[in-house]
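Colleague: Could you take me through one part of this model up close? I would like to hear about the nonpolar core and what surrounds it.

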Amino acid sequence: MSRSQRPDQTTRRRVGDEDVRVRLWRSDPEFAARIEIDAEEPWVFGVDAEGIATPLTTAAATDTVCDPDIPGWVTEILVGLGVVDIQTRGDA
């Protein structure tokens with residue numbers, strides 16, 4: 001299944017002094033859902049059918065071997081969207 005051009009859900013949240021846009025797609029060729037968090041430091045997560053999120057891209061991880069340090073506010077957004085856990089490469 002290919003991901004649609006338009007997200008299924010778009011919201012804005014205030015994080016400190018920053019306006020953050022959150023986009024959720026429920027159709028993705030690789031995951032049950034994809035979450036993009038557009039902030040000064042952008043984040044993209046793939047979410048499997050069990051609600052486990054995996055970070056796909058972020059400015060925090062410049063090396064594909066390292067695990068990103070996921071800020072608490074990102075975790076709060078993910079939990080609010082139904083994510084039950086976040087799996088990083090070190091967890092696999």
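Modeller: Happy to; here is the core, with its setting first and some neighbouring details after.

This is a predicted model, in which local features need pLDDT of at least 70 and side-chain atom pairs count only at pLDDT 80 or more, while totals for chains, interfaces and linings use all residues. Residues are numbered from 1 along each chain as its sequence is written, and side-chain values use heavy atoms, with hydrogens and water left out.

The chain has one helix and six strands, in the order β-β-β-β-β-α-β along the sequence. Helices (H or I, at least four residues) and strands (E, at least two) are DSSP runs, numbered from the N terminus. Of the 92 residues, 34% count as buried; buried means under 20% relative accessible area, exposed over 50%, and partly exposed in between, using a 1.4 Å probe and protein chains only.

Now to the core itself. A nonpolar core is a set of buried Ala, Val, Leu, Ile, Met, Phe, Trp, Tyr and Cys residues joined through side-chain atoms within 4.5 Å. The largest one holds 17 residues, and those touching the most other members are Ile-35, Ile-37, Phe-45, Val-74, Leu-78, Val-83 and Ile-86. At least two residues of this core come from each of strand 2 (18–25), strand 3 (33–38), strand 4 (43–47) and helix 1 (72–80). In soluble globular proteins, nonpolar side chains tend to be buried together.

Ile-70 is worth a look too. Ile-70 sits in the loop between strand 5 (52–58) and helix 1, and counts as buried because its relative accessibility is 18%. Leaving aside residues up to four places away in sequence, Ile-70 touches Trp-43, Phe-45, Pro-55, Thr-75, Ile-86 and Thr-88, where contact means heavy atoms within 4.5 Å. Ile-70 and Ile-86 are 16 residues apart along the chain, and their C-alpha atoms are separated by 9.3 Å.

Strand 3 also carries a charged residue, Glu-36. With 12% relative accessibility, Glu-36 counts as buried. Its side chain makes a polar contact (N or O atoms within 3.5 Å, one able to donate a hydrogen and the other to accept it; residues adjacent in sequence count only if both atoms are side-chain atoms) with the side chain of Arg-23 at 2.6 Å.

Finally, strand 2 pairs with strand 1 (residues 9–15) in the antiparallel sense over seven bridges; two strands pair if DSSP finds at least two bridges between them.
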